[in-house]
Amino acid sequence: ERDELLIQRCSHCRTWQHPPLPICAKCRTETVAPQPVSGKGKVKTYTVNHQAWLPGLEAPFVIAAIELDEQAELYVYSNILAPADSVTSGMRVQVCFENHEDVWLPMFAPEEVSHAS
């Protein structure tokens, strides 16, 4: 709703973790809370789904493991909003949100490249 992707982070050792856990997986403290991230990363791996599992769901669509820029091996699993044949491993992406009633789903789209000089 606020156009922010929140990922859990430990305030003690500063490690990001997703999915959220009640304690930090690295230092085992309970000092974890959601914090905003850049929402930028790269496609680590992906699959193209050709089955429309629900009415109104358009196939094919891409499901990917996105490695966020904030930390190595910090993954969010989501859809890539791009033609299936244009997605590649290593592709730069950024978060965007899809609203369904009172739920905002994080999706990813190809990163907009700045052409500033």
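## Notes on an all-strand predicted chain

1. Pro60 sits in the loop between β4 (40-49) and β5, where strands are DSSP runs (E, at least two residues; helices are H or I, at least four), numbered from the N terminus. A cis peptide bond links Ala59 to Pro60, with omega about 0°. Another cis bond joins His18 and Pro19, again with omega about 0°, and Pro19 belongs to the loop between β2 and β3.

2. A word on the model before you go further. It is predicted, so local features need pLDDT of at least 70 and side-chain atom pairs count only at pLDDT 80 or more, while totals for chains, interfaces and linings use all residues. Residues are numbered from 1 along each chain as its sequence is written, and side-chain values use heavy atoms, with hydrogens and water left out.

3. Now the overall picture. The chain has zero helices and eight strands, so read from the N terminus the elements go β-β-β-β-β-β-β-β. Its C-alpha atoms fill a box of roughly 45 × 45 × 25 Å along the principal axes. Of the 117 residues, 31% count as buried; buried means under 20% relative accessible area, exposed over 50%, and partly exposed in between (1.4 Å probe, protein chains only). Of the contacts (heavy atoms within 4.5 Å) between residues at least 6 apart in sequence, 43% join residues at least 24 apart.

4. The largest nonpolar core holds 18 residues, and Leu5, Ile7, Ile66, Leu68, Ile80, Val93 and Phe108 touch the most other members. Such a core is a set of buried Ala, Val, Leu, Ile, Met, Phe, Trp, Tyr and Cys residues joined through side-chain atoms within 4.5 Å. Two or more of its residues come from each of β1 (5-10), β5 (61-68), β6 (75-80) and β7 (92-100), with β5 giving the largest share, four residues.

5. Which residues does Leu68 contact, leaving aside neighbours within four places in sequence? They are Leu5, Ile7, Val37, Lys40, Gly41, Leu74, Val76 and Phe108. Leu5, in strand β1, is buried at 7% relative accessibility. Beyond four places in sequence, the partners of Leu5 include Pro36, Val37, Leu68, Val95, Phe97 and Phe108. The C-alpha atoms of Leu5 and Gly41 lie 12 Å apart, with their positions 36 residues apart along the chain.

6. Pro36 is part of strand β3 (residues 32-37) and is partly exposed, with a relative accessible area of 47%. Past four places in sequence, Pro36 touches Glu4, Leu5, Leu6 and Trp16. Pro36 and Glu4 are 32 residues apart in sequence, yet 6.1 Å apart in space, C-alpha to C-alpha.

7. Two buried polar side chains may catch your eye. Gln94, in strand β7, is buried at 19%, and its contacts beyond four places include Gly39, Lys40, Met107 and Phe108. Thr15, in the loop between β1 and β2 (16-17), is buried at 14%. On the same sequence cut-off, Thr15 meets Gln8, Arg9, Cys10, Lys26 and Gln71.

8. One aromatic pair is present. The ring centres of Tyr75 and Tyr77 are 6.4 Å apart and the planes meet at 40°, so the pair is tilted: rings of Phe, Tyr and Trp (its six-membered ring) pair with centres within 6.5 Å, and planes under 30 degrees apart are stacked, over 60 edge-to-face and the rest tilted. Tyr75 is buried at 19%, whereas Tyr77 is exposed at 60%.

9. Two non-glycine residues have positive phi. Arg28, with phi near 70°, lies in the loop between β2 and β3 and is exposed at 55%. Glu73, with phi of about 65°, lies in the loop between β5 and β6 and is exposed at 63%.
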